[in-house]
Protein chains: 2
Amino acid sequence: MKLSREIQDSIELRFSTLARQMNGRGERIISFGLGEPDFPTPPAVVEAATKAMRQGYTRYSNPMGLPELREAICTKLARENGIQVRSGEVMVTPGAKMALSLALASVLRPGDEVINILPCYPSYLPQILIAEPEAVIHNLDLRRENFSLDLDRLEQMLSPKVKALIINFPHNPTGHMLSRPELNGLGHLLAERDCWLISDEIYERLNFSGTRHLSPGSMPALAEQTITINGFSKTYSMTGWRIGYLVAKEPVMKIVNKLQQHLNTNVVPFIQKAALAALALPDSFLDDYNQRLLANAQRLAEIVAVTPALRLQPSEGGLFAFLDISQTGLDSDTFCSGLIERYMVAATPGIYFGPAWEDHIRISLVTDTVSFTEGVQRLQEYVGTLG
Amino acid sequence: MKLSREIQDSIELRFSTLARQMNGRGERIISFGLGEPDFPTPPAVVEAATKAMRQGYTRYSNPMGLPELREAICTKLARENGIQVRSGEVMVTPGAKMALSLALASVLRPGDEVINILPCYPSYLPQILIAEPEAVIHNLDLRRENFSLDLDRLEQMLSPKVKALIINFPHNPTGHMLSRPELNGLGHLLAERDCWLISDEIYERLNFSGTRHLSPGSMPALAEQTITINGFSKTYSMTGWRIGYLVAKEPVMKIVNKLQQHLNTNVVPFIQKAALAALALPDSFLDDYNQRLLANAQRLAEIVAVTPALRLQPSEGGLFAFLDISQTGLDSDTFCSGLIERYMVAATPGIYFGPAWEDHIRISLVTDTVSFTEGVQRLQEYVGTLG
């Protein structure tokens, strides 16, 4: 493939290498770094995988996914997301990342333009360029005051050459969730336009603030052109299992299905059975998890409220908070380097998520409350030394 | 991505759809179709996966693969293949197909030329075009008389624009294995040339004829430029598990590692633990399997010997035999359609493996001996009606 622009290592890798080095020196790091649940995969999911393996779900299978899993995903989409689709419009993929890659590869042609929202998950940019090396990427920053979509600027950017817009709500890294006015605005701007809306909803169930998650695919005006991406990693602590899915109408599905056959063959069938067991878990499964995220979000807000050099637009959902450090006068890399070296707290520099976000850092909320509290206290202490 | 040339459905899918339709009509089909072992994944492998899942090997992990698995692969490569590499030169992938895709994406640039050997596994051509839509593919047919590499024609085709040659021995579909003179010939033609040799060795352990498998990566003259592809599917009946690996020197490894991070994140860690258990199985594990393949290969040869319209160059290894049907006067699609419709035996038309192989059909040897014997008898009867 054409590798005209440099593809960076993934943020997961860069971070974990550093943490490994420090742990190797025996230093006790509190990590606000990675986006991975800190509890084990639920036992019912592990047991379902074990049972399916023993039953022989170990062979080649349908590239689209097991029919029973795709039916269960349709039921979930109708019930939780208001998205009405047939199982032929759902494809199971080895991870949500692969779902996004296949979606991009299927809709982009050389020279096509893509709008990408910043700050963003750092793999989006390399994923776009791997899918279509000749894509032209336009980055659109969220509004700085409240992390909402800048619909006016979006309207200006939407030329006929723009073939895809990628969104991700609940948002990594800001924790912003799509509001009804924003969704209506997207509907107004995109409907009838020859532009795919790729909606990465991987954090949808982590909506601890009580805000309701809105799926663009549920809007009649957008349903035909929306490609919904989701997965099991963040909700069910199945990050290593590599299972996600994409939802799209036939023209996209025909292409992604062929790409899947030639790249992935199929998703491991016993892992698909495990995902089916995950979907069958009661909603209450998520209560503790969301309450813990909420408690940590509130703890962070309390500390920020009494720390003049920090500002925070509270997270509504997802795994992260995005902290404004502009008053410290440090750039995000310098800030985070000092934080880990002097206070052994690992956070992620805002610059990784977009060039305009040099004055923010990302804090993962998914740490036990005791460690989290200690971590934010160390953060406060660190900021106190900067003044 | 650019989809200028039509990408077909994979052969696995086309075949299984037809077989499903006929099974739906209650007809008892004997399948000589697919390349999948007919026994379950070994219990020790299933148990290792179960244990690892319970131990928490369910999280994000090293994109290159678990160190213990890569070390075990290095040991295997040294012992069985004579390939001397460090674990940093091995990357675990979700299937050998993905290993090939990543290898192609990493070495091909727009306009680069690739030599592909025909007949070939039908996914190779779409995989090349997905990896680099602007690649120029030169197909080189094996010699018709004995399925060996045509080194004279290869020499003529090797211009400086050719950046990769893909080979696959033991060969699908012919069962040919690379001989020492062929390997030496490759060494002579490729050494010192700026051309990658991509060697797909997925069938290496299925060498039932007693012929020794030769790995190009073991040849000092070729070691630097060889990318070895392998996997666990065919040897250990782990087709659905999606685990393979690629072996390459640093310049390739740097790129495939980044592609892996952004496309696949990592291979499921508990599946990597299962693969480690597979590598620990005693060599005797394969004896029955290879003896059964040999018995079926011999059964086929016996029937062909007394059927004037059929000819066969015996398989040396792999899962298949490639039968010459030219004397029947039928093209391979017509032949196979009649065979399945009138005698309920599913075989794969040679045309799927290359346009010049219209007068061959592929027979999978991996069926229990009783069914296989009945299948070849039906085949013989069918050919008798064509005269």
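**Figure 1. P119(A) sits in the loop between β3 (113-118) and α5 of chain A.** This is a predicted model, where local features need pLDDT of at least 70 and side-chain atom pairs count only at pLDDT 80 or more, while totals for chains, interfaces and linings use all residues. Residues count from 1 along each chain as its sequence is written, with chains lettered from A and ligands numbered from 1 in the order in which they are written. Helices (H or I, at least four residues) and strands (E, at least two) are DSSP runs, numbered from the N terminus. The peptide bond running from L118(A) into P119(A) is cis, and its omega is near -5 degrees. Most residues other than glycine have a negative phi, and most peptide bonds are trans.

**Figure 2. Over in chain B, the link between N172(B) and P173(B) is a cis peptide bond.** Omega here is about 15 degrees. To find P173(B), look in the loop that runs between β5 (162-168) and α7 (180-190) of chain B.

**Figure 3. T265 has a positive phi in chain A and in chain B.** In chain A, T265(A) lies in the loop between α9 and α10 (269-279), with phi near 65 degrees. T265(A) counts as buried, having 25 C-beta neighbours inside 10 Å. The cut-offs: buried takes 20 or more other C-beta atoms within 10 Å of a residue's own, exposed takes 12 or fewer, and partly exposed is in between, with C-beta atoms placed from the backbone. In chain B, T265(B) is in the loop between α9 and α10 (269-279), and phi is again near 65 degrees. T265(B) also counts as buried, with 25 C-beta neighbours inside 10 Å.

**Figure 4. Helix α9 of chain B covers residues 250-263.** At 1.5 Å a residue, its 14 residues should span 20 Å, and the end C-alpha atoms are indeed 20 Å apart; the expected span is 1.5 Å times one less than the number of residues. Buried residues of α9(B) include V252(B), V256(B), N257(B), K258(B) and L263(B). Just after α9(B) comes T265(B) with its positive phi.

**Figure 5. K97(A) in helix α4 of chain A reaches residues of both chains.** Setting aside neighbours within four places in sequence, K97(A) is in contact with S123(A), L263(B) and T265(B). Contact means that the C-beta atoms of two residues, placed from the backbone, lie within 7 Å. K97(A) is buried, with 26 other C-beta atoms within 10 Å. H213(A) is 116 residues away along the chain, and its C-alpha is 20 Å from that of K97(A).

**Figure 6. Chains A and B meet around a two-fold axis.** Chain A can be laid on chain B by a turn of 180 degrees and a shift of 0.0 Å along the axis, giving an RMSD of 0.0 Å; the fit is by least squares on the C-alpha atoms of residues with pLDDT of at least 70 in both. That is the relation of a two-fold axis. In chain A, T50(A) has the C-alpha nearest the axis, at 2.9 Å. Which surfaces do the copies meet through? It's the same surface, as 100% of the interface residues of chain A are also interface residues in chain B. The contact takes 52 residues from chain A and 53 residues from chain B. On the chain A side, α1 (11-24), α2 (43-54), α4 (96-107), α5 (124-131) and α9 (250-263) each supply at least two residues. That side of chain A has 24 nonpolar, 17 polar and eleven charged residues; Ala, Val, Leu, Ile, Met, Phe, Trp, Tyr, Cys and Pro count as nonpolar, Asp, Glu, Lys and Arg as charged, and the others, Gly among them, as polar. The predictor gives the complex an ipTM of 0.95 and a pTM of 0.95.

**Figure 7. Domain 1 of chain A (11-40 + 284-384) touches domain 2 (59-279).** The bounds come from an automatic or database domain assignment. Their C-alpha centres lie 26 Å apart, and 27 residues of domain 1 are in contact with 27 residues of domain 2. On the domain 1 side, α11 (285-305) and β10 (320-324) are the elements giving two or more residues. α11(A) gives the most, with five residues. This side divides into 16 nonpolar, eight polar and three charged residues.
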